[in-house]
Amino acid sequence: MEERARQLLLLAAVAGVGAAFGALSTAAVFSFLSRAKRREGYVRKLLESNGGAGGPHAGKTGPGARLHDSSDLLSDEVVAEQLTRNIQFFGVESQKKVTESFVVVIGLGGVGSHAASMLLRSGVGRLLLVDFDQVSLSSLNRHAVATREDVGTPKAYCLKKHFSLIYPECQIEARVQLYDSSAEDEILSGQPDFVLDCIDNIDTKVSLLAACVRRGLRVLSAMGAGARADPTRIRVADLRESSNDPLSRAVRYRLKKDHGIEGGIPVVFSMEKPKAKLLPFQGSKEEETPSDYQIVPGFRVRIIPVLGTIPAIFGQVMASYVVTQLAQLDFQTEPIVNLDLDHYRILHHRLLEHEELIYGSAEQVLVDAEEVMYIVKELWRGRSARDQNMKDTGRKMWRSVNELMLVRWDKSKPAGVSNLILLKFSEADAHESTTLDQIKDEEPEFYAMVSRVLKRAETEFAL
């Protein structure tokens, strides 16, 4: 009887705990639903106060336009939750730099629409979207957000309409306008933090890039994305290093010839040779000419075959590059170094021979061919440590690779991954006849640069 009473008391206690837990769970669920409902209502109000989307007045601002202060966007509960993953990745302060930034995107086709879309989703606080063209049926294979209902709508208005539903707090200005030299002051004023060049016309592209260099604006330029299929060949590098790209070649030539600019502009390009050529013009009537179909004089009429995924990836790469730059996240882009494993083995063999010649033994060589690849490609980017200003990139660089060798930076330390520099033969001879103290006194900038690069190797190899 006594045992039975204890069992009944235990069951009552368990039931009480279960009821209490159930009540707490129910309260938690109702609390969550209440917060979700409040947020849903808040977002709805935001959309309503934004006045909806697009239309002929979408690119204008005025007394009725709703503007947001980008300096405190992250204090908003909805915005903070929408950007949670970015905040977790960058940290609050770095993400705040992104939300306070102003970015200009010029050219809103396959590349530009995807770049702008991910800039928006990454929390950029202010966007200026510029394009003179309209959405066409044939552009739907590569555009980020356009639908059939948007066909015939200016691309700038189309993006603003869709963007206002994704991140209404962003200040978006949409301009149906062709960029040229006469529009420079209007479009590039306001001290943008970054400019994205997604234009496919050479004259306009060169004009924009030259203006950004002249104004000291950070710019990232997209090269040819059409007629390619291999996503693994897409790179970010200086304009001088881009290869297998007719557009890059033409832009390089024009910038140097017309503006004296030889490089210093980061570009997104594909190392893949184009898989197809421009399709010829075919008019519907015999008397028609290509100029009859030009929207703007001077722009191409012939069609570039495009696999929609490649311009989309170009745009995603551009957005990622810009957002990380805005957040001040430091990373090293993959160098464009056209060497195979045999070249690295040769450099490793030269190092062994040099160690035996100078030090009488190769016992203190602590690297193999794979680590030589890291040193040559990642640390010194395939060129001499004394030639890191990128003057001689491209084909000239590959001709001089056979004149390079690895030597110790500090002769008192072993030839390890954090103590090897890449030099030309003549530079290596001079280096062996001097001391670090002399270099530090006579060439402080060079000494600091090398020390910084070798410190990176220490960090990455946990030395």
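How are α5 and α10 oriented to each other? They are oblique, since their packing angle of about 40 degrees falls outside the named ranges (under 35 degrees is roughly parallel, over 145 roughly antiparallel, 65 to 115 roughly perpendicular, and the rest oblique).

## The model

This is a predicted model, in which local features need pLDDT of at least 70 and side-chain atom pairs count only at pLDDT 80 or more, while totals for chains, interfaces and linings use all residues. Residues are numbered from 1 along each chain as its sequence is written, and side-chain values use heavy atoms, with hydrogens and water left out.

The protein chain has 16 helices and 9 strands; these are DSSP runs numbered from the N terminus (helices H or I, at least four residues; strands E, at least two). Of its 463 residues, 45% are buried, meaning under 20% relative accessible area with a 1.4 Å probe on protein chains only (exposed is over 50%, partly exposed in between). Among contacts (heavy atoms within 4.5 Å) between residues at least 6 apart in sequence, 71% join residues at least 24 apart.

## Helix α5 and its partner α10

Let's look at α5 itself. With 12 residues, α5 spans 17 Å from its first C-alpha to its last, close to the 16 Å expected at 1.5 Å a residue (the expected span is 1.5 Å times one less than the number of residues). The helix is mostly covered, with 10 of its 12 residues buried; among them are Gly110, Val111, His114 and Leu120. After α5 comes Gly123, which has a positive phi near 100 degrees.

Helix α5 (residues 110–121) packs on helix α10 (residues 309–326) with the axes 7 Å apart; axes are lines fitted to C-alpha atoms, for helices over the stretch in contact, and angles run from 0 to 180 degrees between N-to-C directions. Their crossing is right-handed, that is, the near helix is turned clockwise from the far one by less than a right angle (anticlockwise would be left-handed). On the α5 side, the contact includes Gly110, Val111, His114 and Met118, and on the α10 side it includes Phe314, Gly315, Met318 and Val322. By class, this contact has 11 nonpolar, 4 polar and no charged residues (Ala, Val, Leu, Ile, Met, Phe, Trp, Tyr, Cys and Pro count as nonpolar, Asp, Glu, Lys and Arg as charged, and the others, Gly among them, as polar).

## Tyr321 in α10

Helix α10 also holds Tyr321, which counts as buried because its relative accessibility is 14%. Leaving aside neighbours within four places in sequence, Tyr321 contacts Phe194, Leu220, Val236, Pro266, Phe331 and Thr333. Val236 is 85 residues from Tyr321 along the chain, yet their C-alpha atoms are 8.5 Å apart.

## Helices α8 and α9

Helix α8 (residues 202–215) packs on helix α9 (residues 246–259) at about 55 degrees, with axes 10 Å apart. That angle makes α8 oblique to α9, and their crossing is right-handed. Ile202, Asp203, Lys205, Val206, Leu209 and Ala210 of α8 meet Leu247, Ala250, Val251, Arg254, Leu255 and His259 of α9. These contact residues divide into 8 nonpolar, 1 polar and 3 charged.

Ala211 is another residue to find in α8. At 0% relative accessibility, Ala211 counts as buried. Not counting residues up to four places away in sequence, Ala211 touches Tyr179, Glu184 and Leu188. The C-alpha atoms of Ala211 and Leu188 are separated by 8.5 Å, with their positions 23 residues apart along the chain.
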